[in-house]
Amino acid sequence: MGQLRKNFLWGGAVAAHQLEGAWQADGKGVSVSDVMTAGDVDHQRGITDGVLPGYNYPNHEGIDFYHRYAADIKLFAEMGFKSFRTSIAWTRIFPNGDETEPNEAGLQFYDDLFDECLKYDIQPVVTLSHFEMPYHLVTEYGGWRNRQVIGFFTHFAETVFKRYQHKVKYWMTFNEINNQANYHSQFSLFTNSGLKITADENPEKVMYQAAHYELVASAQAVKIGKQINPDFEIGCMIAMCPIYPLTAKPEDVLKAERAMQTRYWFADVHCHGRYPEWLLQYQTNQNYNLDITDADLADLAAGTVDYIGFSYYMSFATKDNGAAELHYDEEHDLVPNPYVEASEWGWQIDPVGLRYAMNWFNDHYHLPEFIVENGFGAVDQVEADGSIHDSYRVDYLRKHLVQMKKAVIEDGVDLMGYTPWGCIDLVSAGTGQMSKRYGFIYVDKQDDGSGTLARSKKDSFYWYQKVIKTNGQDL
Ligand code: BG6
């Protein structure tokens, strides 16, 4: 019977643009997240043409981690973290993205940050691109629809691989690369790939082209990274929301199968090094004539990943809509699952889905897995004495950990670690809110930007400390 690895990487996860702030400090350039305004549960975040006066851009300040990271990492160490997942803001290293020489001040910041982690034996787990490509690459090159961006990305990757080769062992290339399967979502296309779709473009075709260039860039980066340090472990990062058929009706089952294919073919390319047959056929049938060269296909085959990093928050459900063509359109084809509840933001809560997802990945790819995001976004209430009783968060995490352990102990999944999302409160990627909180550590900052930025421990802080101390025995 299996058990959690002895060196299981318990920790927490964040992304540079959601907490660092200091958006113009020490030579940093403007990233795509710097032109995104605040939204809420009913209103999408806006994307402005550059940084304009009079708008609220919550990522500009974040939670000021850039200046406060030492004290925050001390709190992570107090919880017993063995790992800390963050990303490197591309724009701190190459402010515009197309420079030849890196920005030394940006490189120094991450040296200091990683040193601070290592001081406490906390392993940095680093995502190269987490929703934060240089905005200049959007305005001048059209984002990832442009093949030239592959070279800019691999230059960035090589620079940071070389610089941190003795400090960082665990890497991931593109965060939640498969969100853009929802190609009707302006948010997904912009955050994943810096794409703004024009009136005469087919968004699905543009997405497939951009995703192809990203997958080639990822594969090239894996190869470069291994040459720099063969001990690197480089993974992909997939947003896993299993899509169930609403009923046992065969057409619903087939629809759900196509939905899974449409959302997860990205993992096929990362892990198998080639496109799945259904997608090649689909692209042919659509006459997409994508720019995919033989050299690209060789790169994909040579740059497969070492492990599957994935986020898990929720599951989806779908059903047949009677269309003649078998096609899944994420914006229109999802239906509520009557068997699960949802958060205030409509995210369906499904702990069993995590076990299902881990088995699904294992059956398809036979690679180690790493849960690099999981968590419960909720409004927290600060009591008069400053305490925060977030039992709902503990409840969510506990139920997911029970299923995670079943997948390892009963089903034999090889799991590297668990880094729940937003271990310290930070700016929500989807809404730009602070009030959608995930942290074990509360940050006194409100949606309107007010607050002292002071940190305090929630009840979940002590619960997670105990979980780590007992290597997941005491939940
Ligand atoms: C994932 C992202 O989609 O989910 C994170 O990798 C994000 O960047 C997290 O913050 C939670 O989503 P949200 O919209 O609640 O912040």
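**Exercise 1.** In this predicted model, describe how helix α12 packs against helix α13.

Solution. Step 1: locate the two elements. Helix α12 covers residues 351-365, and helix α13 covers residues 391-409.
Step 2: take the geometry. The angle between α12 and α13 is about 30 degrees, and their axes lie 8 Å apart.
Step 3: classify the angle. Angles under 35 degrees count as roughly parallel, and α12 and α13 are therefore roughly parallel to each other.
Step 4: assign the hand. α12 and α13 cross in the right-handed sense.
Step 5: list the contact. On the α12 side are P351, V352, L354, R355, M358 and N359; they meet K399, H400, V402, Q403, M404, K406 and A407 of α13.
Step 6: sort the contact between α12 and α13 by class. The result is seven nonpolar, three polar and three charged residues.

**Exercise 2.** Which residues of α13 and α14 make the contact between these helices, and what is the hand of their crossing?

Solution. Step 1: helix α14 spans residues 459-469 and packs with α13 at an angle of about 30 degrees, the axes being 8 Å apart.
Step 2: α13 and α14 are therefore roughly parallel to each other.
Step 3: the crossing of α13 past α14 is right-handed.
Step 4: α13 contributes S391, R393 and V394, while α14 contributes D459, S460 and W463.
Step 5: by class, the contact of α13 with α14 has two nonpolar, two polar and two charged residues.

**Exercise 3.** Characterise the packing of helix α6 and helix α8.

Solution. Step 1: α6 is formed by residues 148-163 and α8 by residues 203-228.
Step 2: the axes of α6 and α8 come within 9 Å and cross at roughly 25 degrees.
Step 3: with the cut-off of 35 degrees for roughly parallel, α6 and α8 are therefore roughly parallel to each other.
Step 4: α6 passes α8 with a right-handed crossing.
Step 5: from α6, the residues V149, I150, F153, T154, A157, E158, F161 and K162 meet Y213, V216, A217, Q220, A221, I224, G225 and I228 from α8.
Step 6: this contact of α6 with α8 divides into 11 nonpolar, three polar and two charged residues.

**Exercise 4.** How many strands make up the closed barrel, and in what order do they run?

Solution. Step 1: the barrel has eight strands, in the order β1-β2-β3-β4-β5-β7-β11-β12, and the pairing is parallel.
Step 2: on average, neighbouring strands of this sheet are turned by 30 degrees against each other, with direction ignored.
Step 3: take one pair from the barrel. β3 (residues 123-129) and β4 (residues 170-174) pair in the parallel sense over four bridges.
Step 4: V125 has Y170 in β4 as its bridge partner.
Step 5: add a helix. Helix α9 (residues 250-272) packs on the sheet and touches β5 (233-239) and β7 (307-311). The direction of α9 makes about 170 degrees with that of β5.

**Exercise 5.** Which residues come nearest to the ligand, and how does the shell divide by class?

Solution. Step 1: the ligand has 15 residues around it.
Step 2: of these, A15, G377, S428, A429 and G430 come nearest.
Step 3: the shell around the ligand comprises five nonpolar, seven polar and three charged residues.

Technical notes:
Residues are numbered from 1 along each chain as its sequence is written. This is a predicted model: local features need pLDDT of at least 70, side-chain atom pairs count only at pLDDT 80 or more; totals for chains, interfaces and linings use all residues. Two strands pair if DSSP finds at least two bridges between them. Helices (H or I, at least four residues) and strands (E, at least two) are DSSP runs, numbered from the N terminus. Axes are lines fitted to C-alpha atoms, for helices over the stretch in contact, and angles run from 0 to 180 degrees between N-to-C directions. Two residues are in contact if their C-beta atoms, placed from the backbone, lie within 7 Å. Angles under 35 degrees count as roughly parallel, over 145 as roughly antiparallel, 65 to 115 as roughly perpendicular and the rest as oblique. A crossing is left-handed if the near helix is turned anticlockwise from the far one by less than a right angle, and right-handed if clockwise. Ala, Val, Leu, Ile, Met, Phe, Trp, Tyr, Cys and Pro count as nonpolar, Asp, Glu, Lys and Arg as charged, and the others, Gly among them, as polar. A residue is near a molecule or strand if its C-beta atom, placed from the backbone, lies within 6 Å of it.
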